[in-house]
Every structure is written in C-alpha cells, then in structure tokens.
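User: I am new to this structure and would like a close look at a single part of it. Please choose one part and explain, step by step, what surrounds it.

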Amino acid sequence: MKPAFEIELLREAIDFIENLDSKTQEKIYYNLKKSQFVNDNELLKKLTSTIWEFRTLYNSKAYRLFAFWDKANNKDTLVIATHGILKTTQKTPLKEIKKAEEIRKQYLDNKERRK
C-alpha cells in the first residue's frame, strides 16, 4: 500500500524528537507513519487554514509536531513538520501555531529563491 503523502522533518522537529526517551520516540515515529495510511483526526488534525498538528498521546503526555502541506518535485503532497512541543494545556498554545506559520513562510520563501 502506498502512503497518501510523504513526511519531511525539519531540523527543529528532529531535535525535539531526539531529545525524548526512546519509547516516546518510537511512538511518535509510529504515529507519523500510521498517519500516512489512515485518515484519523487523532493522529493529524487541522489547526488553521495552513497549519496542522501530528498528535501523539503516550504515557498520559500529549506530544505535538506542527506541520504544513507542500507540493514538491512532482511527489505526492508533502507534509513538513516544523517543530514539536509537549502539550501541557487543553488548547494548543497560539504562540506555537504562530511559530509554525513563521517557519512555513520562511520555508516557502527559501524554496522560491532556490528555483
């Protein structure tokens, strides 16, 4: 079965995951992979018109990786994960959504310059 989309992790998202214990890392990577094959709001949820979040609940802790969509090199739609947080409140912090939007803008600006 072919994945519905590809996932690219930016440096900050990789750093976030690598600083977690190995079991938590495994769970996050498992959920990222699963989201490519299963359409589930518990795994990938839309936050704004441009920002989404990969969701992982593990050991009663809510981990979030922020992401956006991008079409690249004739590949299927690509999801770029910007950065991650350990969520401590009911609502996703607005400053984290704004940070993801800024990373998205920088990514797309840099992509345009490389053309």
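Analyst: A residue is called buried here if its relative accessible area is under 20%, exposed if the value is over 50%, and partly exposed in between, with a 1.4 Å probe and only protein chains counted. The model is predicted, so local features need pLDDT of at least 70 and side-chain atom pairs count only at pLDDT 80 or more, while totals for chains, interfaces and linings use all residues. Residues are numbered from 1 along each chain as its sequence is written, and side-chain values use heavy atoms, with hydrogens and water left out.

The part I have chosen is strand 4, residues 61–70, in which eight of the ten residues are buried. Strands such as this one are DSSP runs of E with at least two residues, helices are runs of H or I with at least four, and both are numbered from the N terminus.

Strand 4 has a partner in strand 3 (residues 52–58), with which it pairs in the antiparallel sense over seven bridges; pairing requires that DSSP finds at least two bridges between two strands. One of these bridges joins Y58 to K61 in strand 4. Strand 4 also pairs with strand 5 in the antiparallel sense, this time over eight bridges, and there the bridge partner of Y63 is L86 in strand 5.

The connection between strand 3 and strand 4 deserves a closer look, for the two strands form a hairpin with two residues between them. In that loop lies N59, whose phi is near 50°, a positive value in a residue other than glycine. S60 lies in the loop between strand 3 and strand 4 too, and its phi, near 65°, is likewise positive in a residue other than glycine. As background, most residues other than glycine have a negative phi. N59 counts as exposed because its relative accessibility is 59%, and S60 counts as exposed because its value is 77%, whereas strand 4 itself is mostly covered.

Within strand 4, F68 gives a view of that cover: its relative accessibility is 0%, so F68 counts as buried. Leaving aside neighbours within four places in sequence, F68 is in contact, meaning heavy atoms within 4.5 Å, with T50, I51, L78, V79, I80, T82, R104 and Y107. F68 and K105 are 37 residues apart in sequence, and their C-alpha atoms are 10 Å apart in space.

Charged side chains of strand 4 also take part in its surroundings. A salt bridge is counted where a side-chain nitrogen of Lys or Arg lies within 4 Å of a carboxyl oxygen of Asp or Glu, and by this rule the count comes to eight. In one of them the side chains of R64 and E53 meet, with N to O at 3.5 Å. R64 lies in strand 4 and E53 in strand 3, so this pair ties together parts that are eleven residues apart in sequence. Both R64 and E53 are buried, and a network of salt bridges links them with E42 and R55.

A second salt bridge joins the side chains of D70 and K111, with N to O at 2.7 Å. Because D70 lies in strand 4 and K111 in helix 3, this pair ties together parts that are 41 residues apart in sequence. D70 is buried, with a relative accessible area of 8%, and K111 counts as buried at 18%. Helix 3 also holds K105 and D109, which are four residues apart and therefore separated by about one helical turn; K105 forms a salt bridge with D109, with the closest N and O atoms 3.1 Å apart. K105 is partly exposed at 45%, and D109 is partly exposed at 32%.

A last neighbour is T92, found in the loop between strand 5 (78–87) and helix 3 (94–114). T92 counts as buried because its relative accessibility is 16%. Not counting residues up to four places away in sequence, T92 touches L47, E53, F66, K87 and I97. With the side chain of E53, the side chain of T92 makes a polar contact at 3.4 Å, a term for a pair of N or O atoms within 3.5 Å in which, within protein, one must be able to donate a hydrogen and the other to accept it, with residues adjacent in sequence counted only if both atoms are side-chain atoms. E53 thus appears twice in this account, in the salt bridge with R64 and in the polar contact with T92.
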